[in-house]
Amino acid sequence: MKAKHQRLILALAALVALVGAGLLAASALKDEAAYFYAPNDVRTKGVEPGKAVRLGGMVVKNSLKRAADGVTIRFDVTDGKATVPATFSGIAPDLFKEGSGVVAEGSFDAKGTFVATNLLAKHDERYMPRELEGMNYNESTHEMKAER
Amino acid sequence: MHRFANPARFLKIARPLTGWLFWPGLLLLLAGSACGLFVTPADYLQGQTVRILYIHVPAAWLGMGGWSGIAIAALMQLVWKHPLAAVAGRAIAAPGALFTAICLMTGSIWGRPTWGTWWEWDGRMTSMLVLFFLYLGYIALGNASARQAQQGGVSNVTAIFGLVGAINIPIINRSVVWWNSLHQGPSITLRGSSIDGSLLWPLGLTLLGFTLLFGAIVLMRMRAILAQNKVEARMQRLARG
(Lines give C-alpha, C1' and ligand atoms only; values in the text may rest on other atoms or scores of the structure.)
Protein backbone atom coordinates (compact mmCIF):
# COMPACT_ATOMS: atom_id res chain seq x y z
CA MET A 1 0.00 0.00 0.00
CA LYS A 2 1.38 3.34 -0.99
CA ALA A 3 1.75 6.07 1.62
CA LYS A 4 -0.66 8.19 -0.40
CA HIS A 5 -3.40 5.56 -0.09
CA GLN A 6 -2.70 5.15 3.59
CA ARG A 7 -3.16 8.87 4.14
CA LEU A 8 -6.36 8.84 2.06
CA ILE A 9 -7.88 6.01 4.10
CA LEU A 10 -6.82 7.69 7.33
CA ALA A 11 -8.31 11.02 6.29
CA LEU A 12 -11.56 9.42 5.14
CA ALA A 13 -11.87 7.39 8.36
CA ALA A 14 -11.30 10.55 10.38
CA LEU A 15 -13.90 12.36 8.28
CA VAL A 16 -16.49 9.61 8.77
CA ALA A 17 -15.87 9.60 12.53
CA LEU A 18 -16.13 13.38 12.59
CA VAL A 19 -19.40 13.53 10.65
CA GLY A 20 -20.79 10.75 12.84
CA ALA A 21 -19.83 12.63 15.99
CA GLY A 22 -21.31 15.84 14.61
CA LEU A 23 -24.60 14.18 13.70
CA LEU A 24 -24.81 12.46 17.09
CA ALA A 25 -24.20 15.75 18.84
CA ALA A 26 -26.75 17.52 16.66
CA SER A 27 -29.43 14.89 17.28
CA ALA A 28 -28.73 14.98 21.03
CA LEU A 29 -29.10 18.74 20.86
CA LYS A 30 -32.33 18.38 18.91
CA ASP A 31 -34.61 19.66 21.65
CA GLU A 32 -32.11 21.76 23.57
CA ALA A 33 -31.08 23.79 20.52
CA ALA A 34 -34.66 24.49 19.51
CA TYR A 35 -35.18 28.21 19.51
CA PHE A 36 -38.78 27.95 20.68
CA TYR A 37 -41.48 25.53 21.84
CA ALA A 38 -44.34 24.83 19.48
CA PRO A 39 -47.78 24.55 21.13
CA ASN A 40 -47.73 20.78 20.55
CA ASP A 41 -44.36 20.52 22.39
CA VAL A 42 -45.97 22.34 25.31
CA ARG A 43 -48.84 19.85 25.36
CA THR A 44 -46.75 16.69 25.05
CA LYS A 45 -43.73 17.64 27.15
CA GLY A 46 -45.24 20.16 29.50
CA VAL A 47 -43.57 23.39 30.50
CA GLU A 48 -43.66 24.35 34.16
CA PRO A 49 -45.33 27.70 34.93
CA GLY A 50 -42.91 30.58 35.50
CA LYS A 51 -40.07 29.04 33.46
CA ALA A 52 -38.73 31.49 30.87
CA VAL A 53 -39.34 30.00 27.40
CA ARG A 54 -40.16 31.02 23.88
CA LEU A 55 -43.39 29.97 22.22
CA GLY A 56 -43.60 29.89 18.44
CA GLY A 57 -46.40 29.25 15.97
CA MET A 58 -49.08 30.91 13.89
CA VAL A 59 -51.47 33.50 15.27
CA VAL A 60 -54.96 31.98 14.91
CA LYS A 61 -57.21 34.04 12.62
CA ASN A 62 -59.89 36.07 14.42
CA SER A 63 -58.32 35.32 17.80
CA LEU A 64 -56.55 38.66 18.22
CA LYS A 65 -58.35 40.86 20.77
CA ARG A 66 -57.30 44.12 22.36
CA ALA A 67 -58.05 44.56 26.07
CA ALA A 68 -59.76 47.65 27.50
CA ASP A 69 -56.46 49.20 28.64
CA GLY A 70 -55.41 49.57 24.98
CA VAL A 71 -51.95 48.04 25.26
CA THR A 72 -52.70 44.44 26.20
CA ILE A 73 -53.51 42.01 23.40
CA ARG A 74 -54.77 38.45 23.60
CA PHE A 75 -54.32 35.90 20.86
CA ASP A 76 -54.09 32.15 20.28
CA VAL A 77 -50.93 30.49 18.98
CA THR A 78 -51.24 27.24 17.03
CA ASP A 79 -49.02 24.79 15.18
CA GLY A 80 -51.95 22.91 13.67
CA LYS A 81 -51.88 20.24 16.37
CA ALA A 82 -52.41 22.25 19.52
CA THR A 83 -53.42 25.79 20.44
CA VAL A 84 -52.21 27.91 23.33
CA PRO A 85 -53.70 31.23 24.51
CA ALA A 86 -51.26 34.10 24.97
CA THR A 87 -51.27 37.70 26.20
CA PHE A 88 -48.85 40.54 25.57
CA SER A 89 -48.61 44.12 26.81
CA GLY A 90 -46.58 46.49 24.69
CA ILE A 91 -45.80 47.34 21.10
CA ALA A 92 -45.95 44.40 18.69
CA PRO A 93 -43.68 44.38 15.60
CA ASP A 94 -45.16 45.57 12.31
CA LEU A 95 -45.27 42.13 10.79
CA PHE A 96 -47.20 40.69 13.72
CA LYS A 97 -50.73 39.88 12.54
CA GLU A 98 -53.33 37.17 12.44
CA GLY A 99 -52.46 34.20 10.26
CA SER A 100 -48.71 34.84 10.31
CA GLY A 101 -45.87 33.45 12.38
CA VAL A 102 -44.86 34.70 15.81
CA VAL A 103 -42.20 33.87 18.39
CA ALA A 104 -43.11 35.10 21.89
CA GLU A 105 -40.72 35.29 24.83
CA GLY A 106 -42.20 34.90 28.29
CA SER A 107 -43.59 32.21 30.57
CA PHE A 108 -46.79 30.32 31.32
CA ASP A 109 -48.99 31.36 34.20
CA ALA A 110 -50.74 28.87 36.49
CA LYS A 111 -53.80 28.71 34.21
CA GLY A 112 -51.81 27.77 31.13
CA THR A 113 -51.92 31.17 29.43
CA PHE A 114 -48.62 32.29 27.92
CA VAL A 115 -47.66 35.72 29.24
CA ALA A 116 -45.30 37.22 26.66
CA THR A 117 -42.76 39.89 27.56
CA ASN A 118 -41.50 40.30 24.00
CA LEU A 119 -42.91 39.49 20.57
CA LEU A 120 -40.93 38.65 17.43
CA ALA A 121 -42.55 38.25 14.04
CA LYS A 122 -41.43 35.07 12.28
CA HIS A 123 -41.16 35.32 8.54
CA ASP A 124 -41.84 32.25 6.44
CA GLU A 125 -39.98 31.15 3.31
CA ARG A 126 -42.47 32.73 0.90
CA TYR A 127 -41.51 35.83 -1.04
CA MET A 128 -43.93 37.37 -3.51
CA PRO A 129 -44.99 40.74 -4.93
CA ARG A 130 -48.05 42.53 -3.54
CA GLU A 131 -50.22 41.59 -6.51
CA LEU A 132 -50.07 37.96 -5.46
CA GLU A 133 -51.15 38.60 -1.87
CA GLY A 134 -54.21 36.63 -0.88
CA MET A 135 -53.57 33.88 -3.38
CA ASN A 136 -53.45 30.31 -2.21
CA TYR A 137 -50.03 28.79 -1.92
CA ASN A 138 -49.48 25.08 -2.46
CA GLU A 139 -46.60 24.00 -0.23
CA SER A 140 -45.65 20.87 -2.17
CA THR A 141 -45.70 22.29 -5.68
CA HIS A 142 -44.81 25.91 -4.85
CA GLU A 143 -47.66 27.06 -7.05
CA MET A 144 -49.91 30.04 -6.50
CA LYS A 145 -53.62 29.86 -7.25
CA ALA A 146 -56.20 32.62 -7.05
CA GLU A 147 -58.49 32.32 -4.06
CA ARG A 148 -61.98 31.23 -4.89
CA MET B 1 -4.48 17.97 -10.79
CA HIS B 2 -0.75 17.50 -10.33
CA ARG B 3 -0.27 19.04 -13.76
CA PHE B 4 -0.86 22.35 -11.98
CA ALA B 5 1.58 21.57 -9.19
CA ASN B 6 4.13 23.56 -11.10
CA PRO B 7 3.50 27.24 -10.16
CA ALA B 8 4.68 28.45 -13.57
CA ARG B 9 2.10 26.30 -15.34
CA PHE B 10 -0.59 27.35 -12.86
CA LEU B 11 0.24 31.03 -13.31
CA LYS B 12 0.05 30.74 -17.08
CA ILE B 13 -3.63 29.83 -16.71
CA ALA B 14 -4.42 31.85 -13.58
CA ARG B 15 -3.19 35.17 -14.95
CA PRO B 16 -5.68 35.52 -17.84
CA LEU B 17 -8.41 33.66 -15.90
CA THR B 18 -8.40 36.33 -13.16
CA GLY B 19 -9.60 38.99 -15.58
CA TRP B 20 -12.09 36.63 -17.19
CA LEU B 21 -13.66 36.01 -13.77
CA PHE B 22 -13.33 39.54 -12.38
CA TRP B 23 -14.93 41.71 -15.08
CA PRO B 24 -17.95 39.52 -15.95
CA GLY B 25 -18.43 38.99 -12.19
CA LEU B 26 -18.44 42.71 -11.49
CA LEU B 27 -20.79 43.34 -14.42
CA LEU B 28 -23.27 40.66 -13.33
CA LEU B 29 -23.10 41.88 -9.74
CA LEU B 30 -23.84 45.49 -10.68
CA ALA B 31 -26.58 44.49 -13.13
CA GLY B 32 -28.19 42.15 -10.59
CA SER B 33 -28.02 44.75 -7.82
CA ALA B 34 -29.50 47.46 -10.04
CA CYS B 35 -32.34 45.17 -11.12
CA GLY B 36 -32.88 44.08 -7.53
CA LEU B 37 -33.07 47.68 -6.38
CA PHE B 38 -35.14 49.26 -9.14
CA VAL B 39 -36.86 46.64 -11.31
CA THR B 40 -38.33 43.97 -9.05
CA PRO B 41 -41.51 44.63 -7.07
CA ALA B 42 -41.56 44.96 -3.28
CA ASP B 43 -42.60 41.96 -1.19
CA TYR B 44 -46.23 41.77 0.00
CA LEU B 45 -45.20 41.53 3.64
CA GLN B 46 -41.61 42.76 4.01
CA GLY B 47 -41.94 45.67 1.60
CA GLN B 48 -38.66 47.16 0.40
CA THR B 49 -36.45 45.30 2.90
CA VAL B 50 -36.79 42.16 0.77
CA ARG B 51 -34.13 43.62 -1.57
CA ILE B 52 -31.35 42.82 0.90
CA LEU B 53 -31.84 39.22 -0.21
CA TYR B 54 -29.81 39.87 -3.38
CA ILE B 55 -26.71 40.48 -1.24
CA HIS B 56 -27.49 38.31 1.78
CA VAL B 57 -28.02 35.02 -0.06
CA PRO B 58 -24.83 35.18 -2.23
CA ALA B 59 -22.84 36.21 0.88
CA ALA B 60 -24.17 33.21 2.81
CA TRP B 61 -23.47 30.88 -0.12
CA LEU B 62 -19.89 32.14 -0.48
CA GLY B 63 -19.22 32.07 3.26
CA MET B 64 -20.19 28.39 3.31
CA GLY B 65 -18.74 27.65 -0.12
CA GLY B 66 -15.43 29.20 0.96
CA TRP B 67 -15.08 26.83 3.88
CA SER B 68 -16.01 23.89 1.64
CA GLY B 69 -13.14 25.03 -0.60
CA ILE B 70 -10.81 25.19 2.41
CA ALA B 71 -11.83 21.62 3.37
CA ILE B 72 -11.22 20.30 -0.17
CA ALA B 73 -7.86 22.09 -0.32
CA ALA B 74 -6.98 20.64 3.10
CA LEU B 75 -7.79 17.12 1.91
CA MET B 76 -5.61 17.61 -1.19
CA GLN B 77 -2.83 19.00 0.97
CA LEU B 78 -2.90 16.19 3.55
CA VAL B 79 -3.50 13.23 1.24
CA TRP B 80 -1.94 14.10 -2.10
CA LYS B 81 0.50 16.72 -0.79
CA HIS B 82 -0.49 18.99 -3.64
CA PRO B 83 1.82 22.01 -3.32
CA LEU B 84 -0.78 24.57 -4.39
CA ALA B 85 -3.52 23.29 -2.07
CA ALA B 86 -1.97 24.95 0.98
CA VAL B 87 -1.69 28.21 -0.94
CA ALA B 88 -5.33 27.91 -2.06
CA GLY B 89 -6.48 27.35 1.53
CA ARG B 90 -4.75 30.49 2.71
CA ALA B 91 -6.07 32.47 -0.27
CA ILE B 92 -9.70 31.47 0.36
CA ALA B 93 -9.76 32.27 4.10
CA ALA B 94 -9.90 36.08 4.03
CA PRO B 95 -12.62 36.54 1.36
CA GLY B 96 -14.56 33.68 2.98
CA ALA B 97 -14.48 35.46 6.33
CA LEU B 98 -15.45 38.73 4.63
CA PHE B 99 -18.53 37.25 2.97
CA THR B 100 -19.57 35.50 6.19
CA ALA B 101 -19.39 38.88 7.94
CA ILE B 102 -21.44 40.49 5.14
CA CYS B 103 -24.02 37.72 5.52
CA LEU B 104 -24.28 38.28 9.29
CA MET B 105 -24.52 42.06 8.94
CA THR B 106 -27.12 42.12 6.16
CA GLY B 107 -29.12 39.48 8.03
CA SER B 108 -29.07 41.64 11.14
CA ILE B 109 -30.20 44.72 9.20
CA TRP B 110 -33.03 42.68 7.68
CA GLY B 111 -33.98 41.13 11.00
CA ARG B 112 -34.65 44.41 12.76
CA PRO B 113 -37.66 45.50 10.66
CA THR B 114 -38.84 41.99 9.85
CA TRP B 115 -38.55 40.10 13.13
CA GLY B 116 -38.23 43.05 15.46
CA THR B 117 -34.71 42.18 16.63
CA TRP B 118 -31.12 42.71 15.49
CA TRP B 119 -29.88 39.41 16.85
CA GLU B 120 -31.28 36.24 18.38
CA TRP B 121 -29.43 33.10 19.36
CA ASP B 122 -31.29 30.73 17.08
CA GLY B 123 -29.70 27.76 15.34
CA ARG B 124 -29.05 29.38 11.96
CA MET B 125 -27.58 32.62 13.28
CA THR B 126 -25.46 30.95 15.94
CA SER B 127 -23.98 28.36 13.54
CA MET B 128 -23.19 31.12 11.01
CA LEU B 129 -21.44 33.14 13.74
CA VAL B 130 -19.47 30.01 14.62
CA LEU B 131 -18.40 29.80 10.97
CA PHE B 132 -17.11 33.38 11.17
CA PHE B 133 -15.09 32.53 14.29
CA LEU B 134 -13.77 29.39 12.56
CA TYR B 135 -12.48 31.60 9.73
CA LEU B 136 -10.74 33.90 12.22
CA GLY B 137 -9.23 30.87 13.98
CA TYR B 138 -8.08 29.41 10.65
CA ILE B 139 -6.42 32.69 9.63
CA ALA B 140 -4.77 33.13 13.03
CA LEU B 141 -3.55 29.52 13.16
CA GLY B 142 -2.30 29.76 9.57
CA ASN B 143 -0.30 32.88 10.42
CA ALA B 144 0.99 31.55 13.74
CA SER B 145 2.26 28.28 12.22
CA ALA B 146 3.54 29.90 9.02
CA ARG B 147 7.09 28.68 9.67
CA GLN B 148 6.07 25.04 9.45
CA ALA B 149 4.17 25.72 6.26
CA GLN B 150 5.65 25.35 2.81
CA GLN B 151 5.60 27.87 0.01
CA GLY B 152 3.55 30.51 1.84
CA GLY B 153 0.57 28.20 2.26
CA VAL B 154 -1.00 26.98 5.47
CA SER B 155 0.64 24.38 7.73
CA ASN B 156 -0.64 20.83 8.04
CA VAL B 157 -2.10 21.61 11.47
CA THR B 158 -4.11 24.43 9.92
CA ALA B 159 -5.28 22.10 7.15
CA ILE B 160 -6.53 19.61 9.76
CA PHE B 161 -8.36 22.49 11.46
CA GLY B 162 -9.95 23.35 8.11
CA LEU B 163 -11.07 19.77 7.62
CA VAL B 164 -12.52 19.47 11.13
CA GLY B 165 -14.32 22.81 10.82
CA ALA B 166 -16.17 21.54 7.74
CA ILE B 167 -18.57 19.71 10.07
CA ASN B 168 -20.21 23.09 10.65
CA ILE B 169 -21.27 23.43 7.01
CA PRO B 170 -24.02 20.74 7.00
CA ILE B 171 -25.07 21.98 10.45
CA ILE B 172 -25.63 25.51 9.08
CA ASN B 173 -27.50 24.09 6.11
CA ARG B 174 -29.79 21.87 8.18
CA SER B 175 -30.15 24.15 11.22
CA VAL B 176 -33.52 25.52 10.11
CA VAL B 177 -34.83 22.02 9.44
CA TRP B 178 -33.57 20.20 12.55
CA TRP B 179 -34.47 22.85 15.07
CA ASN B 180 -37.29 25.31 15.51
CA SER B 181 -35.62 28.52 14.48
CA LEU B 182 -36.52 32.16 14.01
CA HIS B 183 -34.84 32.12 10.60
CA GLN B 184 -37.24 30.85 7.95
CA GLY B 185 -36.81 27.46 6.32
CA PRO B 186 -35.15 27.03 2.92
CA SER B 187 -36.95 28.97 0.18
CA ILE B 188 -35.12 27.37 -2.72
CA THR B 189 -35.11 23.57 -2.67
CA LEU B 190 -34.80 20.85 -5.28
CA ARG B 191 -38.57 20.87 -5.64
CA GLY B 192 -38.69 24.49 -6.64
CA SER B 193 -38.70 27.96 -5.16
CA SER B 194 -41.17 29.59 -2.80
CA ILE B 195 -39.76 32.95 -3.88
CA ASP B 196 -41.96 34.22 -6.68
CA GLY B 197 -40.23 34.32 -10.08
CA SER B 198 -40.65 38.09 -10.37
CA LEU B 199 -38.53 38.54 -7.22
CA LEU B 200 -36.15 35.66 -7.85
CA TRP B 201 -34.41 36.35 -11.15
CA PRO B 202 -31.91 39.09 -10.06
CA LEU B 203 -30.72 36.70 -7.36
CA GLY B 204 -29.34 34.47 -10.11
CA LEU B 205 -27.34 37.41 -11.49
CA THR B 206 -25.86 38.50 -8.14
CA LEU B 207 -25.24 34.89 -7.09
CA LEU B 208 -23.21 34.19 -10.24
CA GLY B 209 -21.59 37.65 -10.12
CA PHE B 210 -20.42 37.33 -6.52
CA THR B 211 -19.18 33.79 -7.18
CA LEU B 212 -17.07 34.84 -10.18
CA LEU B 213 -15.72 37.77 -8.16
CA PHE B 214 -14.86 35.41 -5.30
CA GLY B 215 -12.99 33.17 -7.73
CA ALA B 216 -11.08 36.18 -9.08
CA ILE B 217 -10.12 37.30 -5.54
CA VAL B 218 -8.88 33.80 -4.66
CA LEU B 219 -6.78 33.64 -7.85
CA MET B 220 -5.34 37.11 -7.17
CA ARG B 221 -4.41 36.15 -3.62
CA MET B 222 -2.83 32.87 -4.79
CA ARG B 223 -0.79 34.78 -7.33
CA ALA B 224 0.26 37.29 -4.69
CA ILE B 225 1.41 34.49 -2.36
CA LEU B 226 3.35 32.79 -5.18
CA ALA B 227 4.97 36.11 -6.11
CA GLN B 228 5.92 36.63 -2.47
CA ASN B 229 7.57 33.18 -2.46
CA LYS B 230 9.63 34.16 -5.46
CA VAL B 231 10.74 37.39 -3.78
CA GLU B 232 11.72 35.56 -0.61
CA ALA B 233 13.65 32.88 -2.50
CA ARG B 234 15.57 35.55 -4.38
CA MET B 235 16.33 37.51 -1.19
CA GLN B 236 17.68 34.35 0.44
CA ARG B 237 19.89 33.65 -2.54
CA LEU B 238 21.18 37.23 -2.42
CA ALA B 239 21.82 37.01 1.33
CA ARG B 240 23.86 33.85 0.84
CA GLY B 241 25.87 35.72 -1.81
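Where does α1(B) bend, and by about how many degrees? In this predicted model, α1(B) bends by about 25 degrees at A14(B), and a proline, P16(B), follows within four residues.

**Chain B and its helices**

Chain B contains seven helices and two strands, and when it is read along the sequence these elements follow the pattern α-α-α-α-α-α-β-β-α. Taken along the principal axes, the C-alpha atoms of chain B fill a box of roughly 70 × 35 × 30 Å. Of the 241 residues in chain B, 44% are buried, and among contacts between residues at least 6 apart in sequence, 79% join residues at least 24 apart.

The helix α1(B), which covers residues 7-38, can be checked against its expected length: at 1.5 Å a residue, its 32 residues should span 46 Å, and because its end C-alpha atoms are 44 Å apart, the two values agree. The buried residues in α1(B) are P7(B), L21(B), G25(B), L28(B), L29(B), G32(B) and G36(B), and what covers the buried residues of this helix includes α2 and α7 of chain B.

An unreviewed UniProt entry annotates "transmembrane region" at residues 20-39, 59-80, 92-111, 123-141, 153-172 and 199-220 of chain B. Two of these annotated spans are set out below.

| Span in chain B | Helix | Strand | Distance between end C-alpha atoms |
|---|---|---|---|
| Residues 20-39 | 95% | 0% | 27 Å |
| Residues 153-172 | 75% | 0% | 27 Å |

**The nonpolar cores**

The largest nonpolar core has 61 residues, and the members that touch the most other members are I70(B), A74(B) and A88(B). At least two residues of this core come from each of α1 (7-38), α2 (53-79), α3 (83-115), α4 (123-144), α5 (156-165), α6 (168-178) and α7 (197-240) of chain B, while α2(B) gives the most, with 15 residues. Leaving aside residues up to four places away in sequence, A74(B) touches G89(B), A159(B), G162(B) and L163(B). A second, separate core of 30 residues includes Y35(A), A86(A), L119(A) and L120(A).

**Chain A and the annotated binding site**

Chain A is divided into domain 1, covering residues 1-30, and domain 2, covering residues 39-122, and the C-alpha centres of these two domains lie 43 Å apart.

Which residues of chain A carry the UniProt feature "binding site"? The unreviewed entry places this feature at H123(A) and Y127(A). H123(A) lies in the loop between β6 (114-122) and β7 (136-138) of chain A, and the place of Y127(A) is likewise in the loop between β6 and β7.

Are H123(A) and Y127(A) buried or exposed? H123(A) counts as buried because it has 21 C-beta neighbours inside 10 Å, where 20 or more are needed, and Y127(A) is buried with 23 other C-beta atoms within 10 Å.

The contacts of these two residues reach into chain B. Not counting residues up to four places away in sequence, H123(A) touches L95(A) and G101(A) in chain A, together with Q46(B), T114(B), W115(B) and Q184(B) in chain B. With residues up to four places away in sequence again left out, Y127(A) touches D43(B), V50(B), S187(B), I195(B), D196(B) and L199(B).

Definitions and conventions
Residues are numbered from 1 along each chain as its sequence is written. Chains are lettered from A and ligands numbered from 1 in the order in which they are written. This is a predicted model: local features need pLDDT of at least 70, side-chain atom pairs count only at pLDDT 80 or more; totals for chains, interfaces and linings use all residues. Domain bounds come from an automatic or database domain assignment. A residue is buried if 20 or more other C-beta atoms lie within 10 Å of its own, exposed if 12 or fewer, and partly exposed in between; C-beta atoms are placed from the backbone. Two residues are in contact if their C-beta atoms, placed from the backbone, lie within 7 Å. UniProt positions are given in the numbering used here, feature names are shortened, and annotations may be inferred rather than shown by experiment. A nonpolar core is a set of buried Ala, Val, Leu, Ile, Met, Phe, Trp, Tyr and Cys residues joined through C-beta atoms within 7 Å. The expected span of a helix is 1.5 Å times one less than its number of residues. The bend at a residue is the angle between axes fitted to the seven residues ending there and the seven starting there.
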